[in-house]
Amino acid sequence: MVSPPFRPPQGRPAPAPGLLRRLDAFARLAFPGFSTGFLMVLAAAPVSLPSPVFAATLPCVFFWSVFRPAAMSPPVIFALGLLLDLLTLAPLGAGVLVLLGVHGAALRFRRFLVRQSFLMVWLVFCATALLAAALFWALQALLALRVAPFGPALHAAMLSAGLYPAIALVLARVHEAMRQAETAP
């Protein structure tokens, strides 16, 4: 009598063990905050250009607040704001308030933004970046009791608007990969 050939089991693969599943979920939850912080530290590298820390932070906070708000919670935003203040030597609290404002605005209009085209989201981000840069400038002037020129703030807003498409492209692919991993059996 001939035995049938060995066939691998059909159907869904066995689920990951509990600890690995929890580590995977934690990594997906922590990725937006840690990746934003890492990008901020990279942007703070001493170069001859004006510091792009503010301009690199806004697109990340805006994107993750719109498309994955659970991972970009207010405590994470607070920590990123403190890091922004420390890296830009701004008065403590200015970056925190600006990033919390951007996060709040993104959450407020999230339902509208997730259904819009990239161009519309980008235009909304450009307006948000201009308002955030103006608020950051005003808070710095208020907390330092000194009026600084508005040119660097405008430069940061324009640089942030220019960086958004490249950053959003990378973050959209990461977001899609994380979403597929979450829906996989």
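Here is a walk through this structure, from the whole chain down to a few single residues.

Keep in mind from the start that this is a predicted model. The protein chain has 185 residues, and 34% of them count as buried. Its secondary structure comes to seven helices and zero strands, so if you read along the sequence you simply get α-α-α-α-α-α-α. How do distant parts of the chain meet? Take the contacts between residues at least 6 apart in sequence: 74% of them join residues at least 24 apart.

One example of such a meeting starts in helix 1, which covers residues 18-43 and holds Ala-30. Ala-30 counts as buried because its relative accessibility is 16%, and buried means under 20%. Along the chain, Ala-30 and Met-72 are 42 residues apart, yet their C-alpha atoms are separated by 8.5 Å.

Next, look at helix 2. This helix is mostly covered, with 14 of its 15 residues buried. Its length works out as well: at 1.5 Å a residue, helix 2 should span 21 Å, and its end C-alpha atoms are 22 Å apart, which agrees.

Now for helix 6, which runs over residues 118-144. With 27 residues at 1.5 Å each, helix 6 should span 39 Å, and the 38 Å between its end C-alpha atoms agrees with that. Which of its residues are buried? They are Val-121, Phe-125, Thr-128, Ala-129, Ala-132, Ala-133, Phe-136, Leu-139 and Ala-141. It helps to remember that an α-helix has 3.6 residues a turn, so residues three or four places apart point the same way. With that in mind, you can follow steps such as Val-121 to Phe-125 and Phe-125 to Thr-128 among the buried residues. The partners they pack against are helix 2, helix 3 (74-88), helix 4 (94-108), helix 5 (110-113) and helix 7.

Thr-128 is a good place to zoom in on helix 6. At 15% relative accessibility, Thr-128 counts as buried, given that the limit is under 20%. Setting aside neighbours within four places in sequence, Thr-128 is in contact with Phe-62 and Val-102. Helix 2 spans residues 53-67, and one of its residues, Pro-59, is another useful marker: the C-alpha atoms of Thr-128 and Pro-59 are separated by 9.9 Å, although the two are 69 residues apart along the chain.

Helix 6 also turns up when you look for empty space. The largest pocket holds about 530 Å³. Of the 23 residues that line this pocket, the closest to its centre are Thr-88, Phe-136, Gln-140, Pro-152 and Ala-153. Helix 2, helix 6 and helix 7 (151-183) are the elements that give two or more residues to the lining. Which helix gives the most? Helix 6 does, with six residues. What sort of residues make up the lining? They divide into 18 nonpolar, four polar and one charged. Phe-136 is one to look at twice, being among the lining residues closest to the centre of the pocket and among the buried residues of helix 6.

The loops have something to show too. Most residues other than glycine have a negative phi. Leu-89 goes the other way, with a positive phi of about 60° although it is not a glycine. Leu-89 lies in the loop between helix 3 and helix 4 and counts as exposed because its relative accessibility is 76%, where exposed means over 50%. Leu-145 is a second case, taking a positive phi of about 55° just after helix 6. Leu-145 sits in the loop between helix 6 and helix 7, and its relative accessible area of 76% makes it exposed.

Finally, you can set the model beside a database record. An unreviewed UniProt entry places the feature "transmembrane region" at residues 25-45, 77-106, 118-138 and 150-172. What does the model show over two of these stretches? Over residues 118-138 the chain is 100% helix and 0% strand, with its end C-alpha atoms 30 Å apart. Over residues 150-172 the chain is 96% helix and 0% strand, and the end C-alpha atoms are 32 Å apart.

Technical notes: Residues are numbered from 1 along each chain as its sequence is written. This is a predicted model: local features need pLDDT of at least 70, side-chain atom pairs count only at pLDDT 80 or more; totals for chains, interfaces and linings use all residues. Side-chain values use heavy atoms; hydrogens and water are left out. On a 1 Å grid over the protein atoms alone, a cavity is a set of points where a 1.4 Å probe fits but cannot get out, and a pocket is an open set with protein on both sides within 12 Å along at least five of seven lines; lining residues have an atom within 4 Å of a point. Grid points are joined across faces, edges and corners, and a volume is the space filled by probe spheres set on the points. Helices (H or I, at least four residues) and strands (E, at least two) are DSSP runs, numbered from the N terminus. Ala, Val, Leu, Ile, Met, Phe, Trp, Tyr, Cys and Pro count as nonpolar, Asp, Glu, Lys and Arg as charged, and the others, Gly among them, as polar. The expected span of a helix is 1.5 Å times one less than its number of residues. Buried means under 20% relative accessible area, exposed over 50%, partly exposed in between (1.4 Å probe, protein chains only). Contact means heavy atoms within 4.5 Å. UniProt positions are given in the numbering used here, feature names are shortened, and annotations may be inferred rather than shown by experiment.
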